[in-house]
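User: I'm new to this one and would like a close look at a single part, the loops and what sits on them. Could you walk me through it?

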Amino acid sequence: MTTPALHTARLRLAPYTPDDEEDFVALFQDTRVSRWMGEGPQSETEDRALFGRIFSKVYAQDLFDVWAVRHEGRFVGHAEIKPSADVGGHEIVYALATTAWGQGFGTEIAQALTGYGFDALGLTEVHATVAADNTASLTLLGRIGFRHVRDTVEEDGSTTRVLTRPAASGSAGAGQPR
C-alpha cells in the first residue's frame with residue numbers, strides 16, 4: 001500500500017519527496033518542536049539520517065504512512081500513523097513548525113490521521129503518546145475525543161500520557177484520501 005495524499009479544509013498531507021529534506025531538518029532542529037518528539041532534540045546529522053530512512057526503510061518497505069504537511073503549498077509540518085508496541089496499536093504522531101502554531105492546524109492533522117486510521121486502515125481505536133507537560137497537545141487531543149488511559153514513566157523520570165480514541169466516538173472527520 002502506498003501512502004496516499006490526504007486533504008483537510010486547509011492542509012494537504014502528501015508523501016515526502018527528497019526536496020523536503022531541508023524543511024524536515026529545520027522542523028526537527030527547532031527544539032521548541034523536537035522537545036516533544038521521540039527522544040527529544042537530535043543532532044542535524046541524526047535528523048538527516050532519519051529523513052533518509054523515510055525513503056530507504058519506511059516507504060521502501062511500506063512500514064507505515066508518513067506525510068509532509070503543507071498549507072497553501074508551504075511546508076508546515078510532519079505527520080504519521082504507525083504501529084507501536086508501546087500502545088498496543090496504531091499511534092498518531094504530528095509536529096508543526098512554530099510559524100504554524102495557534103492556527104488550528106494541529107487539530108486538522110490529528111483529525112485527518114485519526115480518520116485515516118479508522119477509514120483506510122480499518123482500526124477500531126487510535127492512540128497517541130504525549131509528554132505530560134505538553135498541555136497544548138493534551139488539550140487538542142481531548143477536544144477531538146481522545147481519552148487518557150494510562151501514564152508511562154520514562155527512563156529520565158518524565159511522564160508520558162497514553163491517550164486512546166475508539167472508532168465509536170463519533171465521525172472520524174476530515175482526512176479522506178484523494
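What pattern does the chain follow, read along the sequence?

Analyst: Keep in mind that this is a predicted model. Read along the sequence, the pattern goes β-β-α-α-α-β-β-β-α-β-α-β-β-β. That comes to five helices and nine strands. The chain's radius of gyration is 15 Å, close to the 16 Å the globule rule gives for 178 residues, so the chain is as compact as a globular protein of that length. Its C-alpha trace spans about 40 × 40 × 35 Å along the principal axes, and 46% of the 178 residues count as buried.

Now for the loops. Start with the one between α3 (44-59) and β3 (65-71), where you'll find aspartate 62. Aspartate 62 has a positive phi of about 50°, even though it isn't a glycine. That catches the eye because most residues other than glycine have a negative phi. Aspartate 62 is partly exposed, at 36% relative accessible area.

Go on past β3 and you reach the loop that leads to β4 (74-84), home of glutamate 72. Here too there's a positive phi of about 50° on a residue that isn't glycine. Glutamate 72 counts as exposed, with 74% relative accessibility.

Last stop: the loop between β7 (147-153) and β8 (159-166), which holds glutamate 155. Glutamate 155 is exposed, with a relative accessible area of 86%. It belongs to a patch of negative charge on the surface, where it gathers with Glu39, Asp86, Glu154 and Asp156.

Notes. Residues are numbered from 1 along each chain as its sequence is written. This is a predicted model: local features need pLDDT of at least 70, side-chain atom pairs count only at pLDDT 80 or more; totals for chains, interfaces and linings use all residues. Side-chain values use heavy atoms; hydrogens and water are left out. Patches are made of residues with over 30% relative accessible area and no salt bridge: like charges are joined within 9 Å, nonpolar side chains (Val, Leu, Ile, Met, Phe, Trp, Tyr) within 5 Å. Accessible areas come from the Shrake-Rupley method with a 1.4 Å probe; for residues, only the protein chains shown count as cover. A salt bridge is a side-chain nitrogen of Lys or Arg within 4 Å of a carboxyl oxygen of Asp or Glu. Lys and Arg count as positive and Asp and Glu as negative; His and the chain ends are not counted. The place of a charge is taken as NZ of Lys, CZ of Arg, CG of Asp or CD of Glu. Helices (H or I, at least four residues) and strands (E, at least two) are DSSP runs, numbered from the N terminus. Buried means under 20% relative accessible area, exposed over 50%, partly exposed in between (1.4 Å probe, protein chains only). The radius of gyration is taken over C-alpha atoms; the globule rule is 2.2 Å times the number of residues to the power 0.38.
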